[in-house]
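Let's take a friendly walk through a protein model, one region at a time. Keep the 3D view open as you read.

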Amino acid sequence: MATSYDTLSTRLDGNVLSATFDAPPINLIGPEVVRDLVGLLEELSHPGSVRVVVFDSADPDFFFSHVDLTKVPEYTDEAAKGGGPGDASLGMLFHKLSQIPAVTVAKLRGRARGAGSEFLLACDMRFAARENAVLSQPEVGFGTSPGAGALQHLTRLMGRGRALEAVLASADFDAELAERYGWINRAVPDAELDEFVVGIAARMGGFPRDALIAAKAAINAISLPPLADVRADAALFQQLVRGEGAQHRAAGLFEQGFQTRGRIELELGEALGDLKAVD
C-alpha cells in the first residue's frame with residue numbers, strides 16, 4: 001500500500017492484504033495505533049485491489065492488551081479523525097472497520113482484552129491459536145463497562161446469559177471456551193493457524209468482489225448494532241472510566257506493574273479478581 005505506518009506493517013499478496021500490529025512493549029491501543037488504524041481504514045474504504053484483510057500481531061503474547069488508560073483523551077481525539085468530532089470513540093471507529101468493502105479476518109495469538117477484543121469482534125471473522133489465545137472484556141472489573149462494541153457483538157454472538165458471564169465476570173477466556181461460546185469462529189492448533197488463515201483468505205480473495213461485498217453488506221444489515229447504540233455504549237464508558245471507582249482500581253493495578261510487560265498484564269483476569277472489593 002502507498003502509506004507507511006508507525007505501528008503496523010502491511011503486505012499485499014494478490015487480493016489479500018496482511019496487516020500486522022507492532023506497538024511495543026505490549027501493543028496497547030493508544031493514539032499511535034488509533035492514528036494508524038484511521039489511516040488504514042481510509043485507504044480501505046474505497047473498493048480497490050484488496051478483497052481480504054488479515055490482521056495479526058508481531059507480539060506472540062499480546063494481539064492488543066487493551067487501551068492505554070493514561071491516554072484516553074489522546075486516542076479518542078485520534079478516533080474522531082475517522083468519523084468526525086461527533087463520533088469520537090473507538091466504538092464508532094470499529095463500526096467503520098466492520099463496514100469497509102473488504103472481508104476482514106483476525107488471526108489471534110496471545111491476549112486480546114478490552115478494546116483489543118472489541119477490535120477482533122469488529123472484524124468479519126476470528127481464528128485463534130488453541131494453545132495460547134486469550135480473550136477478555138475486563139472493563140467491569142475496572143469499574144466501567146465495555147464501550148467499543150462488546151456489549152452489542154457478544155450479546156448477538158453468544159446470547160444474553162453467556163454475554164453477561166463474559167462481561168460481568170471480567171475473566172480470561174481461552175480459545176476453546178471462546179469458540180464454544182461463539183466469541184471466535186474457530187480455535188485452531190497454533191502450528192496450523194497460519195496455513196489455515198492463508199488458505200481461507202486466498203479462497204475468499206479469489207471470488208468475485210461484487211458478490212463478497214454484497215453478501216457482507218446484507219449480513220451487516222441484519223447483525224450490526226444501530227449507530228445510536230454504539231454511541232450510547234461509548235458515552236457510558238467515557239463517563240464511568242473517569243469515575244472514582246475506576247480510577248481507584250486502576251491505580252491499584254498500576255502500583256503492581258499494570259501496562260508493563262509482566263505478571264499483571266499476562267494474568268490480568270486473575271489480577272482483577274484479586275483486587276480489594278469496592279462498593
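Arg-111 has Val-134 of strand 8 as its bridge partner. This is a predicted model, so treat each detail below as part of a prediction. The pairing around Arg-111 joins strand 6 (residues 111-113) to strand 8 (residues 134-136), and these strands run in the parallel sense over three bridges. Both belong to an open sheet of four strands, ordered 4-6-8-9, in which the pairing is mixed. At its edges you will find strand 4 (62-64) and strand 9 (173-174), each of which pairs on one side only.

Which strands does helix 4 lie across? Helix 4 (residues 115-122) lies across strand 4, strand 6 and strand 8, and it runs at about 95 degrees to strand 6.

**The six-stranded sheet**

Now look for another open sheet, this time with six strands in the order 1-2-3-5-7-10 and again with mixed pairing. Strand 1 and strand 10 (186-188) are the edge strands, each pairing on one side only. On average, neighbouring strands in this sheet are turned by 20 degrees against each other, with direction ignored. Helix 1 (residues 31-44) packs on the sheet and touches strand 1, strand 2 and strand 3 (52-57). The direction of helix 1 makes about 170 degrees with that of strand 2.

Zoom in on strand 1 (residues 8-13) and strand 2 (residues 16-21): they run antiparallel and are joined by six bridges. Leu-8 stands opposite Phe-21 of strand 2, and Thr-10 stands opposite Ala-19 of strand 2. Together the two strands make a hairpin with two residues between them. In that turn, Gly-14 has a positive phi of about 65 degrees.

**Two helices that pack together**

Helix 3 (residues 90-99) packs with helix 11 (residues 227-241) at an angle of about 145 degrees, and their axes are 8 Å apart. From helix 3, the contact is made by Gly-91, Met-92 and His-95, while helix 11 supplies Leu-227, Val-230 and Arg-231. Sorted by class, the residues in this contact are three nonpolar, two polar and one charged.

**Two residues to compare**

Is Gln-152 buried or exposed? Gln-152 sits in helix 6 (residues 150-158). Its relative accessible area is 11%, so Gln-152 counts as buried, because buried means under 20%. Setting aside neighbours within four places in sequence, Gln-152 is in contact with Pro-225, Asp-229 and Asp-233. The side chain of Gln-152 also makes these polar contacts with other side chains:

| Side chain | Partner side chain | Polar contact distance |
|---|---|---|
| Gln-152 | Arg-156 | 3.0 Å |
| Gln-152 | Asp-233 | 2.9 Å |

Asp-233 therefore appears in the list of contacts of Gln-152 and again as a polar partner of its side chain, because a polar contact is a pair of N or O atoms within 3.5 Å and contact means heavy atoms within 4.5 Å.

Next, find Phe-254 in helix 12 (residues 244-255). Why does Phe-254 count as partly exposed? Its relative accessibility is 33%, and partly exposed covers the range between under 20%, which is buried, and over 50%, which is exposed. Leaving out neighbours within four places in sequence, Phe-254 is in contact with Leu-69, Thr-70 and Gln-259. Phe-254 and Thr-155 are 99 residues apart along the chain, and their C-alpha atoms are separated by 31 Å.

Technical notes:
Residues numbered from 1 in each chain as written. Predicted model: local features only at pLDDT ≥ 70, side-chain atom pairs only at ≥ 80, totals over all residues. Heavy atoms only, no water. Pairing = 2+ DSSP bridges. Buried < 20%, exposed > 50% of the residue type's maximum accessible area, 1.4 Å probe, protein only. Polar contact = N/O pair within 3.5 Å; in protein donor to acceptor, adjacent residues only side chain to side chain. Axes fitted to C-alpha atoms, helices over the stretch in contact; angles between N-to-C directions. Nonpolar A, V, L, I, M, F, W, Y, C, P; charged D, E, K, R; others polar.
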